[in-house]
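Q: Please teach me how to read a structure like this one, taking one feature at a time.

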Amino acid sequence: MNLIYDHADPVVSFGVGQIKQSLKRKGVYFVERFLEHGHGPGPLPERCIVVRKTDVRGGDDPVEAESFRIRRRGRRIYIEGPDSRGVMYGCLEWAERLARGQDLRDGEEVAQKPALAIRGI
């Protein structure tokens with residue numbers, strides 16, 4: 001399993017740390033690959049978790065701060081948000097799902113946004 005993310009962002013790194021703990025508890029071996037200055041790590045491996053800031057807009061819906069989307073495409077999982085906190089919340093959600101043994105089917109997507117403009121952990 002490849003874990004691809006921006007290690008220079010401390011908020012994203014915190015969230016990825018939770019995913020790494022869940023993977024270790026499940027006995028899943030992973031290799032870390034880092035995004036550099038918004039550029040990808042080259043061609044994506046077949047089996048990976050890609051954690052990145054990106055536009056998570058769906059149709060005409062506005063992008064909201066701290067929102068996130070988790071989606072499966074084949075054997076790849078994408079955790080995306082418009083900002084570092086959104087990505088972190090997506091990572092926390094995926095880490096919980098890993099711990100509970102909940103996966104996504106190919107093409108399935110989970111998206112969340114905060115109920116309030118300000119939220120805390």
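Q: Is K113 buried or exposed?

A: The general idea is to ask what share of a residue's accessible area is left free: buried means under 20% relative accessible area, exposed over 50%, and partly exposed in between, with a 1.4 Å probe and protein chains only. K113 has a relative accessible area of 54%, so this residue counts as exposed. Please keep in mind that this is a predicted model, in which local features need pLDDT of at least 70 and side-chain atom pairs count only at pLDDT 80 or more, while totals for chains, interfaces and linings use all residues. Residues are numbered from 1 along each chain as its sequence is written, and side-chain values use heavy atoms, with hydrogens and water left out.

Q: Which side chain does K113 meet in a salt bridge?

A: A salt bridge here is a side-chain nitrogen of Lys or Arg within 4 Å of a carboxyl oxygen of Asp or Glu. K113 meets the side chain of E64 in this way, at 3.3 Å from N to O. Because K113 lies in the segment after β6 (109–112) and E64 in the loop between β3 (48–53) and β4 (68–73), the pair ties together parts that are 49 residues apart in sequence. The partner E64 is partly exposed, with a relative accessible area of 28%. In the names of elements, helices (H or I, at least four residues) and strands (E, at least two) are DSSP runs, numbered from the N terminus.

Q: How many salt bridges does a search of the whole structure find?

A: The search finds 13, and one of these joins the side chains of R85 and E66 at 3.4 Å, N to O. R85 belongs to helix α2 and E66 to the loop between β3 and β4, so this pair links parts that are 19 residues apart in sequence. R85 counts as partly exposed at 46% relative accessibility, whereas E66, at 8%, counts as buried.

Q: Where do R69 and E80 lie?

A: First, the pair itself: the side chains of R69 and E80 meet in a salt bridge of 2.7 Å, N to O. R69 lies in strand β4 and E80 in strand β5 (residues 76–81), so the bridge ties together parts that are 11 residues apart in sequence. R69 is buried at 14% relative accessibility, and E80 is buried with a relative accessible area of 1%. Salt bridges can also share partners, and in this case they join R52, R69, R71 and E80 into one network.

Q: In what order do the elements of the protein chain run?

A: Reading from the N terminus on, the order is β-α-β-β-β-β-α-β, which amounts to 2 helices and 6 strands. Of the 121 residues of the chain, 40% count as buried.

Q: Which strands pair with β1?

A: Two strands pair if DSSP finds at least two bridges between them. Strand β1 (residues 2–5) runs parallel to strand β2 (residues 31–34), to which 4 bridges join it, and L3 has E32 as its bridge partner in β2. With β3, strand β1 pairs in the parallel sense over 3 bridges, and there the partner of I4 is V50. Both faces of β1 are covered, since N2 and I4 on one side and L3 and Y5 on the other are all buried.

Q: What does V50 touch?

A: Contact means heavy atoms within 4.5 Å. Not counting residues up to four places away in sequence, V50 touches I4, L44, I77, Y78 and I79. The C-alpha atoms of V50 and I79 are separated by 6.1 Å, although these residues are 29 apart along the chain. V50 counts as buried, at 3% relative accessibility.

Q: How far apart are the end C-alpha atoms of helix α2?

A: The expected span of a helix is 1.5 Å times one less than its number of residues. The 17 residues of α2 (residues 84–100) should therefore span 24 Å, and the end C-alpha atoms are 24 Å apart, which agrees. Of these 17 residues 13 are buried, so α2 is largely enclosed by the rest of the structure. Just after α2, G101 takes a positive phi of about 75°.
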